[in-house]
Amino acid sequence: MKILYATSEAYPYAMSGGLADVAGALPKALRRRLVGCRVVMPLYSSVPEELKADMKFITSITVPVSWRRQYCGIFEAKYNGVIYYLIDNQYYFKREGLYGHYDDAERFAFFSRAVLEILPYIDYTPDIIHCNDWQTAMIPVFLDRFYCHDLRYLNIKTVFTIHNIQYQGKYGFELVSDVLGLPEADTPLVEYEDCVNLMKAAIECAHRVTTVSPTYAYEILTPEYSHGLHPILERNKHKLCGIVNGIDTVVYDPETDKALFENFSASAPENKVVNKAKLQEYMGLPQKADAPLIGIVSRLVGHKGFDLVKCVFEDMLKADLQVAILGSGDWEFETFFYEMAKRYPDKVAFKPGFIPDLARKIYAGADIFLMPSKSEPCGLAQMIALRYGTIPIVRKTGGLNDTITDVSEDGGNGFVFQNYNAHEMLDSVWRAVGLYSDKEAWQALRDNALSIDNGWNISAGRYIKLYKELLS
Ligand code: GLC
């Protein structure tokens, strides 16, 4: 079985969110189970130089983008045993940041077309092209419309994974002929609610649609979570399933992680407290061993639950606890945390930005990890926190529901609240803080967390089953 994993980002070449972690880890896990899997992604100018130095130039071709033909350099690299193809075009990918440009639709239409065009030149004809999010949503459509008469492409199947249904790739109708190069008669395929919607087209055209947790697969069939796509998903329900992500347990390993102040593990957890003390110092907080330290590592946007946090934050601070926050996002939340840190310097520390090294220090040094998302397709941070012995407080939604069980239940590994309600969240915080004061119970919870396996093994098996069903 041969899989080509098409993604707009993958660890360690280019990262902006959870997709990069998944694209870095799943192909590796598939290969470990002897499934051929290669990755194809854009060659952004931001790819680290040392990785660029290890790339091999294969050839260059031109790729149609409607009436244009654009240069496409094909580079190959190997990382952790996985082969990566990096698609070069400096006009499209020599930019600041991965996304957010006026012509993103054209950039990723080019990339999607390139994924199909390079096949004869890379000597790899996949059985399945596994596409991810709107940036690669046109692959199933192009395959269906432009390549189905070509023997090389005839038997290729497609899987489309939704990592976050909020970002659908919505554009104006001029895209259809000018960028996608589709005949006018195909407009209905990409049209949804008076605009072009690339994710909708992929849901219709792909042979299978997956999302990143079983709960989210159910949630996106409802108007509350679907961002308008539930009617499309409902009629394609027979193709839809949810497979929870894992984390890369080699990349995230408290025993070897160089970002930590001191390493620790399930069999020798003692040094976790050293990480807490040093994190407190690093963040400018007093080194109090007995005050529970709550960590937050997140984009600071509404759907991650920060309106709840903001609403009861000062109530929370009435208890003897500390909060360390890392993240950037909406001005509203950034200024709020700045102000809180200024007003309560002994209790609150805030660092803006996306700083992977500090994120790991927080995962390892905190006692409790707060993640009250309004919606969360899967979420990786709660699993990374567990891996570092830090107990999550989460809302019961999406992958948070599938990975965290409340301590009041069998196999409990965290604190879960049901409704998107600030006081319900606060109640979970009190429960966590209460249990923290019972040293023995907390240690048992921490030791259990350190021994949980949230790696890719089981989920890679589920993908393999899905691939096999699709090919049979
Ligand atoms: C997106 C989702 C997140 C998920 C990640 C990887 O970033 O918001 O919940 O964990 O993709 O699938």
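Author: Before we start: strands here are DSSP runs of E, at least two residues each, and are numbered from the N terminus. Keep in mind that this is a predicted model.

Reader: Okay, so in which loop does N80 lie?
Author: Let's start with the backbone: N80 isn't a glycine, yet its phi is positive, near 50°. Its relative accessibility is 47%, and because exposed needs over 50% and buried under 20%, N80 counts as partly exposed. As for its place, N80 sits in the loop between β4 (68-79) and β5 (82-88).

Reader: And L34, is that one buried or exposed?
Author: L34 is another non-glycine residue with a positive phi, about 65°. You'll find L34 in the loop between α1 and β2 (36-42). Its relative accessible area is 79%, and the cut-off for exposed is over 50%, so L34 is exposed.

Reader: What separates the C-alpha atoms of R32 and V82?
Author: Look for R32 in helix α1, which covers residues 18-32. R32 is exposed, with a relative accessible area of 55%. Along the chain, R32 and V82 are 50 residues apart, but between their C-alpha atoms there are 10.0 Å.

Reader: I spotted a peptide bond from Y11 to P12. Is it cis or trans?
Author: P12 has its place in the loop between β1 (2-6) and α1. For the bond from Y11 to P12, check omega: it's near 5°, and the bond is cis.

Reader: Now the ligand! Why does it lie between domain 1 and domain 2?
Author: Its surroundings include G18, H163, N245, E376 and L380. By class, that shell has 6 nonpolar, 5 polar and 1 charged residues. Residues of the shell come from both domain 1 (2-246 + 457-471) and domain 2 (269-451), so the ligand lies between the two domains.

Reader: How much of the ligand does the protein bury?
Author: First, the polar side chains: an N or O atom of H163 is 2.6 Å from a ligand oxygen, and a polar atom of E376 lies 2.6 Å from a ligand oxygen. For N164, an N or O atom of the side chain is 3.5 Å from an oxygen of the ligand. Taken alone, the ligand would expose 310 Å², and of that area the protein buries 90%.

Reader: Moving on to strand β16, which of its residues are buried?
Author: In a regular strand, side chains alternate between the two faces of the sheet. β16 runs over residues 368-371, and both of its faces are covered. On one side the buried residues are I368 and L370, and on the other they're F369 and M371.

Reader: What is the bridge partner of I368 in β17?
Author: β16 is parallel to β13 (residues 293-297), with 2 bridges joining them, and I294 stands opposite I368 there. β16 also pairs with β17 (residues 391-395), again in the parallel sense, over 4 bridges. In β17, the partner of I368 is I391.

Reader: Last one: which strands stand at the edges of the sheet with β8, β10 and β9?
Author: It's an open sheet of 3 strands with antiparallel pairing, in the order β8-β10-β9. One of those pairings is β8 with β10 (residues 195-197), through 2 bridges, and there Y171 has V196 as its bridge partner. Two strands have a single partner strand each, so one side of each is left without a neighbour in the sheet. Those edge strands are β8 (170-171) and β9 (191-192).

Technical notes:
Residues numbered from 1 in each chain as written. Predicted model: local features only at pLDDT ≥ 70, side-chain atom pairs only at ≥ 80, totals over all residues. Heavy atoms only, no water. Near = heavy atom within 4 Å. Polar contact = N/O pair within 3.5 Å; in protein donor to acceptor, adjacent residues only side chain to side chain. Areas by Shrake-Rupley, 256 points an atom, 1.4 Å probe, with all protein chains shown as cover. Nonpolar A, V, L, I, M, F, W, Y, C, P; charged D, E, K, R; others polar. Domains from an automatic or database assignment. Buried < 20%, exposed > 50% of the residue type's maximum accessible area, 1.4 Å probe, protein only. Pairing = 2+ DSSP bridges.
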